[in-house]
Amino acid sequence: LRSLIEALEAGAPREQFLGMIHRDLDRMERLVQGLLDLHRLENSALAFQCEPLDLDPFLKEVAEEHGACFSGCTSTVQADRQRLHQVLTNLLVNARRAAPQGTVRIGAEGNCLWVEDDGVGIAPEHLPRLFDRFYRVDSDRARQSGGTGLGLAISKALLEGMGASLKAESEGPGKGARFSITFKTRSEPHPPDSPEP
C-alpha cells in the first residue's frame, strides 16, 4: 500500500493505482475478519444454532448460486444453516477457481455431503497441510484471486463447531479434487419397554 501511494504521489495513473489500493484494502479486511473468526472459533466465542436441515432444497439453492451441478438427495443433517452455507460457499468458490472451464458438483448421501471438481487437482504432498492457516497450494493464483489462505482453516473450524469433519481428496495434479463433509449421526435412544440388547 505504501509503495502504491508513493507511486500515486509521483504521478502514476490515478485510476489504475486507486483500483489496486482498493483491491489490497479489501484483501486486508478479509484477512483481519478471517483471523477474528478463527480466534472466536478457537475460544468457543462463536454461537452455533444447529437444527435439522433438509439438504435437498438447501443444496439446490447453494448450487444455483455458484453454477454447480446438483442431482438431488434425501438427506437431513443437524447443522447451522448460515455457517454451513458459509463453508459450502468457500468450497464452491475454490472449486470454480480450480476448474474455471470444468465441472463443479455438489451432492449428499446420508450424513455426508461433498463438493468436487475436475480441475487442476492437488499433489499428495499438499493434502496434509491444506487446512493449515495461511497455507496455499498456489500462492500466485491465490494472491491474484484475492485469497487470504484462511478459508479452508475457517471452514474446518466451523464444521468442527457443528460436530462435523472435513477432508480433502485428490488423485493428483490435473485430476480434480473432492472435499467431503461428514456429520455425526445421532444415536436413537432405546424405547422404554424395549429389552436390553
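The legends below describe close-up views of a predicted model.

**View 1. The whole chain, with six helices and six strands.** Read from the N terminus, the elements follow the order α-α-β-α-β-α-β-β-α-α-β-β. The protein has 197 residues, of which 38% are buried. Taking contacts between residues at least 6 apart in sequence, 60% link residues at least 24 apart. The accessible surface is about 12000 Å², and carbon and sulfur atoms account for 50% of that surface.

**View 2. The hairpin of strands β3 and β4.** Strand β3 covers residues 104-109 and pairs with β4 in the antiparallel sense, over six bridges. One bridge joins Gly107 to its partner Trp114 in β4. Two residues lie between the strands of this hairpin, and Gly110 has a positive phi near 60°.

**View 3. Strand β4 and its pairing with strand β6.** Strand β4 consists of residues 112-117. Five of its six residues are buried, so the rest of the structure largely encloses the strand. Besides its pairing with β3 over six bridges, β4 pairs with β6 (residues 177-183), again in the antiparallel sense and over six bridges. In this pairing, Asp117 stands opposite Ala177 of β6.

**View 4. Phe179 and the residues around it.** Phe179 belongs to strand β6. Its relative accessible area is 11%; the limit for a buried residue is under 20%, and Phe179 is therefore classed as buried. Leaving aside neighbours within four places in sequence, Phe179 is in contact with Leu91, Leu113, Trp114, Val115, Ile122, Leu130, Phe131, Leu152, Leu166, Lys167 and Ala168. Among these contacts, Leu113, Trp114 and Val115 fall within the span of β4, residues 112-117. The C-alpha atoms of Phe179 and Glu116 are separated by 6.2 Å, although the two residues are 63 residues apart along the chain.

**View 5. The largest nonpolar core, with 42 residues.** The members that touch the most other members are Leu55, Leu84, Leu88, Phe179 and Ile181. Of these, Phe179 is also the residue shown in View 4, where its place in strand β6 is given. Ile181 likewise falls within the span of β6, residues 177-183. As a general point, nonpolar side chains in soluble globular proteins tend to be buried together.

Methods
Residues numbered from 1 in each chain as written. Predicted model: local features only at pLDDT ≥ 70, side-chain atom pairs only at ≥ 80, totals over all residues. Heavy atoms only, no water. Core = buried A, V, L, I, M, F, W, Y, C linked by side-chain atoms within 4.5 Å. Buried < 20%, exposed > 50% of the residue type's maximum accessible area, 1.4 Å probe, protein only. Pairing = 2+ DSSP bridges. Contact = heavy atoms within 4.5 Å. Areas by Shrake-Rupley, 256 points an atom, 1.4 Å probe, with all protein chains shown as cover.
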